[in-house]
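Me: I am new to this structure and would like a close look at a single part of it. Please take me through the metal site and what surrounds it, with each term explained as it comes up.

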Amino acid sequence: MMPKKIMFGENAAKEFPYPKNSLVITTTTPDIYSKWLDYMSIKNYEVYDKVTPDPAIETVEGIKKQYEGKEIGAYIGLGGGSSMDVCKYLSKLTGVPKILIPTTFGTGAEMTTYAVISFDHKKKLLQDEAFLADAAIVDPYFLAGTPFNIMRNSACDAAAQASEGYDSKAGNPFTQFFCKEAFDILYDAIVNDKPNMLPYGAMLSGIGFGNASTTLGHALSYVFSNEGVPHGYALSSCTTVAHKFNKSPYYERFKKIAQKLKFEPLKLKQSLDQAADVIMPDRGHLDNNPIPVSKQDVIKCLEEIVNANPLA
Ligand SMILES: [Zn+2]
């Protein structure tokens with residue numbers, strides 16, 4: 001599955017024919033998004049800019065209520081994953097079409113059937129065909145001004161998703177085709193300093209892994225995320241060690257990406273045994289790993305992540 005309409009490349013967001021009475025949903029501030037909306041030359045719209053990171057279901061329901069009875073042509077999710085996730089869930093509730101425009105690039109969320117929404121302060125990964133964008137617009141224009149830290153976390157996530165997705169047991173020649181092409185583009189963009197190619201690589205990665213799955217690297221990463229490490233950062237070491245464990249064809253090149261982005265080694269506050277108990281029930285990732293993973297294997301991987309520097 002992929003969005004009905006995909007526009008990508010320079011000026012894609014400028015040339016898109018936006019429907020009338022669109023509701024732009026964003027996490028950013030007026031000084032930033034007013035420039036973006038000027039660039040997009042969009043007319044007849046309203047902006048909802050009160051979405052916060054890790055959006056809760058209450059936010060989604062609040063927006064639905066606020067705009068009830070108004071005829072909205074489309075929701076436009078403009079920003080990082082949170083803006084897009086809110087649009088996805090809203091559109092499922094109301095049936096209003098959604099246009100997704102990523103500005104940080106990396107999750108590939110504009111291409112997938114996944115959304116992360118919090119219920120009772122707990123993040124939940126949801127999957128629904130109704131979350132697929134009616135149109136996805138991928139334009140490197142929005143990269144300008146992105147801080148290096150956000151850029152490198154996103155780039156690392158995209159590369160991890162493409163390579164884990166390639167190795168996934170849930171994959172097939174079609175998804176592998178996208179994952180392989182995505183990784184080649186991302187590798188070239190990162191190692192040879194061509195940031196304008198990152199959005200296209202992340203987009204292809206979204207189509208590839210979004211129709212397969214990620215695997216051991218992502219499973220290992222969440223115990224670090226739970227202790228506050230950004231997702232892409234956690235993957236730099238976790239996916240490297242997972243690729244080594246899996247004898248992945250992407251081990252060497254993924255490690256080179258993590259080195260180029262200058263990631264530091266990771267630390268873990270909880271014990272490795274405790275962490276392994278958190279990781280083992282994550283069957284969605286572990287069952288799709290190319291080889292079976294035992295609790296002992298997980299502990300060994302964690303040990304390598306925190307005690308040996310896997311990026312050295
Ligand atoms: Zn990821």
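Reply: What follows starts at the zinc ion and then moves to helix 9 and the nonpolar core.

This is a predicted model, in which local features need pLDDT of at least 70 and side-chain atom pairs count only at pLDDT 80 or more, while totals for chains, interfaces and linings use all residues. Residues are numbered from 1 along each chain as its sequence is written, and side-chain values use heavy atoms, with hydrogens and water left out.

The zinc ion is coordinated at 2.2 to 2.4 Å by Asp157 (OD), Gln161 (OE1), His218 (NE2) and His231 (NE2). Donors here are N, O and S atoms within 2.8 Å of the metal (3.2 Å for Na, K and Ca), and since water is not among the atoms, sites may look incomplete. The angles among the four donor atoms run from 81 to 152 degrees, and the site is irregular; four donors count as tetrahedral if all angles lie between 85 and 135 degrees, four count as square planar and six as octahedral if opposite donors are over 155 degrees apart and all others between 65 and 115, and anything else is irregular.

Along the sequence, the donor residues follow the spacing D-x3-Q-x56-H-x12-H. Because glutamine 161 lies in helix 5 (residues 148–167) and histidine 231 in helix 9 (residues 231–246), the pair ties together parts that are 70 residues apart in sequence. Helices (H or I, at least four residues) and strands (E, at least two) are DSSP runs, numbered from the N terminus. Glutamine 161 is buried, at 5% relative accessible area, whereas histidine 231 is partly exposed at 26%; buried means under 20%, exposed over 50% and partly exposed in between, with a 1.4 Å probe and protein chains only.

Helix 9, which contains histidine 231, is mostly covered, with 13 of its 16 residues buried. Its 16 residues should span 22 Å at 1.5 Å a residue, and the end C-alpha atoms are 21 Å apart, which agrees; the expected span is 1.5 Å times one less than the number of residues. Just after helix 9, lysine 247 takes a positive phi of about 50 degrees.

Elsewhere, the largest nonpolar core has 101 residues, of which Tyr18, Met40, Leu220, Phe224 and Leu302 touch the most other members. Helix 6 (residues 173–191) gives the most to this core, with nine residues. Such a core is a set of buried Ala, Val, Leu, Ile, Met, Phe, Trp, Tyr and Cys residues joined through side-chain atoms within 4.5 Å.
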